[in-house]
Amino acid sequence: MKTQIPETYQLVETRLQEHMPDGTTRCNLCLWRCRLRHGQRGFCQTHVNRNGTLYNLSYGILSAIDVGPIEDKPVRHFRPGSRVMSVGSYGCNFRCGGCHNLEISWGVEALDELARGQSHAAYVTPAQLVEAAQQHGAEGIAFTYSEPAVWLEYVLDVAQLARACGLYTVYVSNSFVTDEALELIAPHIDVLCSDVKSMQDSFYAEICGKATVEQVLASIEKAHKLGIHVETRTNIIPGKNDNVDTYRRIAEWIREHLGADSPWHITRFFPAYKLENLPMTPAESMWQARDIAEQVGLSRVYVYDDKGCDCADSNLPVAEYLDADSVAIHKQKQCAASCCGESGVLIKKYERDAG
Ligand code: SF4
Ligand code: SF4
């Protein structure tokens with residue numbers, strides 16, 4: 001499907017959607033595969049059903065932006081030494097207890113404001129973003145801070161333009177994504193940096209309710225088979241996934257399915273949100289994981305005792321990076337299609353009608 005790139009904010013049709021026999025429309029971007037009725041929003045809060053068609057509320061909406069080394073994603077075996085512009089929007093398909101990005105990843109307030117036509121969040125076209133990356137000396141663009149699958153319409157448009165302009169792209173993911181979404185992005189994305197959070201289904205059940213280890217690992221392997229350069233990352237959380245058996249099983253899986261030279265990044269947990277009561281990961285746990293991975297045969301294992309999530313909390317305001325005035329970027333967002341009438345209220349009245 002060829003889409004037209006909007007110059008101003010508007011709802012954009014969800015790229016993977018399917019009408020179901022029961023009258024719902026199913027979103028096939030991530031493995032939630034939300035089945036939505038008129039007025040309902042998906043688990044991620046980012047996609048909404050309006051009169052049977054699904055739309056992405058967050059196309060072009062940026063929550064955060066930053067420029068830094070690709071190694072910070074973390075990615076070490078693709079264009080080392082280059083700088084990458086990282087961007088994220090609002091909404092995620094997980095609800096991790098230790099997430100450091102809550103106002104971005106869950107993004108409930110920001111997405112509600114968009115739905116009400118009252119948001120002042122930054123709107124940046126793909127062309128503006130690519131230009132900003134080039135102006136700031138970045139050689140690539142990374143989609144990160146929350147799950148890019150819930151923002152795939154924008155990711156696709158930016159990635160295609162970025163490649164045409166000689167920039168690479170990095171997709172930082174939890175890999176709870178569909179095969180269809182991976183097939184759609186694979187021709188346009190250079191690198192997948194994916195979490196392997198645990199080898200226990202119970203861990204994933206706590207943060208998502210639906211995800212299983214098998215699903216996540218199958219998506220990572222699929223990306224690898226599709227030719228995307230894959231690097232994996234595990235954030236070691238005391239009492240949750242810090243055991244020898246987990247380290248060994250993750251390392252063995254990487255060796256068997258991605259190759260012994262596939263990079264594995266081990267990061268430190270810093271207490272946050274529901275896991276505020278847990279301690280920071282002791283350095284010994286991370287080095288123990290590294291030792292086990294090396295015994296198993298992995299040759300590229302990296303330990304970061306200063307690094308956790310690829311978080312966005314210290315970034316500059318979005319407008320600082322763009323060659324446009326802040327007022328224009330932050331003007332009130334009302335869908336340019338204006339099919340909701342002059343009020344600009346996009347969703348709420350439908351939510352009331354949806355019953
Ligand atoms: S992206 Fe995932 S969570 Fe969001 S509506 Fe689609 S299937 Fe649901
Ligand atoms: S930690 Fe990552 S996957 Fe989990 S809720 Fe936060 S952004 Fe989403």
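This report describes the overall build of the protein, the surroundings of its two ligands and one of its sheets.

The structure is a predicted model, and the secondary structure of the protein comprises eleven helices and 16 strands. Its radius of gyration is 20 Å, close to the 20 Å that the globule rule gives for 355 residues, so the protein is as compact as a globular protein of that length. Measured out along the principal axes, the C-alpha trace extends over about 65 × 45 × 40 Å. Of the 355 residues, 49% count as buried, and among the contacts with a separation of 6 or more, 73% join residues that are 24 or more positions apart.

The surroundings of the ligands can be set side by side by residue class.

| Shell | Nonpolar | Polar | Charged |
|---|---|---|---|
| Ligand 1 | nine residues | four residues | one residue |
| Ligand 2 | five residues | four residues | two residues |

Around ligand 1 there are 14 residues, of which C27, C30, C34, G42 and C44 are the closest. Ligand 2 is surrounded by eleven residues, and those that come nearest are C92, F94, C96, C99 and S105.

One open sheet is built from three strands in the order β1-β6-β5, with antiparallel pairing. Because β1 (12–13) and β5 (47–50) stand at the edges and each has a single partner strand, one side of each is left without a neighbour in the sheet. Strand β6, which covers residues 53–56, pairs with β1 in the antiparallel sense over two bridges, and within this part of the sheet E13 stands opposite Y55 in β6.

Definitions and conventions
Residues are numbered from 1 along each chain as its sequence is written. Chains are lettered from A and ligands numbered from 1 in the order in which they are written. This is a predicted model: local features need pLDDT of at least 70, side-chain atom pairs count only at pLDDT 80 or more; totals for chains, interfaces and linings use all residues. Helices (H or I, at least four residues) and strands (E, at least two) are DSSP runs, numbered from the N terminus. The radius of gyration is taken over C-alpha atoms; the globule rule is 2.2 Å times the number of residues to the power 0.38. A residue is buried if 20 or more other C-beta atoms lie within 10 Å of its own, exposed if 12 or fewer, and partly exposed in between; C-beta atoms are placed from the backbone. Two residues are in contact if their C-beta atoms, placed from the backbone, lie within 7 Å. A residue is near a molecule or strand if its C-beta atom, placed from the backbone, lies within 6 Å of it. Ala, Val, Leu, Ile, Met, Phe, Trp, Tyr, Cys and Pro count as nonpolar, Asp, Glu, Lys and Arg as charged, and the others, Gly among them, as polar. Two strands pair if DSSP finds at least two bridges between them.
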